Amino acid sequence: MVVALRGVLAAALAGSVFVQVVMVPLMAIDLKEADPDVAHLQIPFAVIMILVILTAQVTAVCVWRLVTMREETVFSHDAFRYVDIMIGAAAAAAAALAFALGIVLAPGDAVPRAWSCSSAGALVAAGIGLIELVLRTLLAQAISREAEAHELRAELDEVI
């Protein structure tokens, strides 16, 4: 399973880099050529999309790091660093970037559904952040239980 997950993460990272480097600039050029009324959105659109993809890449790298941790270190406080970074990336994508996309695209009639689309994207990213927060809480409980089990084993060894 770990090997399959690494393969999926590697493919996702490679694909996201391709989208950042090739597809987003092409979409920005298409935006400029499609309608002169929205040409001013070319740069903000490209920057926001690249940053949104960057938050997904940060999350993928953190998942990779968690997957490559040894079993005894996954349930330790070292894992919190990666989980916290993932929560921050989801929050950045939700609160800042999706909202900024809505602000940039909403004022004109050329992109009438931009606000609802970016709001939906913000809601999805916020939901992912909340799921990660719940998983962080479960990790903290697992670490606590592991420490408690270790203490009980030590006490049992002393009794025996």
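A charge counts as sitting over a ring if NZ of Lys or CZ of Arg lies within 6 Å of the ring centre and within 35 degrees of the ring normal. In this predicted model, the charged end of Arg6 sits over the ring of Trp64 in that way, 6.0 Å from the ring's centre. The points below walk through a bent helix and its cover, the nonpolar cores, and a handful of residues to look up as you turn the structure.

**Rings**
- Arg6 is the residue to look for at Trp64, with its charged end over the ring.
- Aromatic pairs, by contrast, number zero in the structure.

**Helix H1 and what covers it**
- Helix H1 runs through residues 2-34 and bends by about 40 degrees at Val19.
- Its buried residues are Leu9, Ser16, Gln20, Val24, Ala28 and Leu31.
- Helix H2, residues 42-68, is included in what covers these buried positions.
- Gln20 is a good place to zoom in, since this residue of helix H1 has a relative accessibility of 14% and therefore counts as buried, the cut-off being under 20%.
- Setting aside residues up to four places away in sequence, Gln20 touches Pro25, Ile50, Ile53, Leu54 and Gln57.

**Nonpolar cores**
- The largest nonpolar core has 11 residues: Cys62, Leu66, Met69, Ala79, Phe80, Tyr82, Val83, Met86, Ile87, Leu139 and Ile143.
- H2, helix H4 (78-105) and H5 are the elements that each give two or more residues to this core.
- Of these, H4 gives the most, with six residues.
- Cys62, one of the core's members, is in contact with Tyr82, Ile85 and Met86 once its neighbours within four places in sequence are left aside.
- Another core, of 10 residues, lies apart from the largest one, and Ala28, Val38, Ile48 and Ile53 are among its members.
- Two of those names appear above as well: Ala28 is on the list of buried residues of H1, and Ile53 is touched by Gln20.

**Residues in helix H2**
- Thr55 sits in helix H2 and counts as buried because its relative accessibility is 13%, which falls under the 20% cut-off.
- A polar atom of the Thr55 side chain lies 2.5 Å from the backbone oxygen of Val52.
- Leaving out neighbours within four places in sequence, Thr55 is in contact with Ala89, Ala92, Ala93 and Leu97.
- Met49 is also placed in helix H2, but it is partly exposed, with a relative accessible area of 21%.
- From Met49 to Val8 the C-alpha to C-alpha distance is 22 Å, with their positions 41 residues apart in sequence.

**Residues in helix H5**
- Thr137 belongs to helix H5, which covers residues 114-159, and it is partly exposed at a relative accessible area of 43%.
- Thr137 and Phe80 are 57 residues apart in sequence, while their C-alpha atoms are 10.0 Å apart in space; Phe80 itself belongs to the largest nonpolar core.
- Leu135 is another residue of helix H5, and its relative accessibility of 49% makes it partly exposed.
- Leu135 and Leu31 are 39 Å apart, C-alpha to C-alpha, and 104 residues apart in sequence; Leu31 is one of the buried residues of H1.
- Glu151 lies in helix H5 too and counts as exposed because its relative accessibility is 52%, the cut-off for exposed being over 50%.
- Between Glu151 and Ile29 the C-alpha to C-alpha distance is 62 Å, and the two are 122 residues apart in sequence.

How values were computed:
Residues are numbered from 1 along each chain as its sequence is written. This is a predicted model: local features need pLDDT of at least 70, side-chain atom pairs count only at pLDDT 80 or more; totals for chains, interfaces and linings use all residues. Side-chain values use heavy atoms; hydrogens and water are left out. The bend at a residue is the angle between axes fitted to the seven residues ending there and the seven starting there. Helices (H or I, at least four residues) and strands (E, at least two) are DSSP runs, numbered from the N terminus. Buried means under 20% relative accessible area, exposed over 50%, partly exposed in between (1.4 Å probe, protein chains only). Contact means heavy atoms within 4.5 Å. A polar contact is a pair of N or O atoms within 3.5 Å; within protein, one must be able to donate a hydrogen and the other to accept it, and residues adjacent in sequence count only if both atoms are side-chain atoms. Rings of Phe, Tyr and Trp (its six-membered ring) pair if their centres lie within 6.5 Å; planes under 30 degrees apart count as stacked, over 60 as edge-to-face and the rest as tilted. A nonpolar core is a set of buried Ala, Val, Leu, Ile, Met, Phe, Trp, Tyr and Cys residues joined through side-chain atoms within 4.5 Å.
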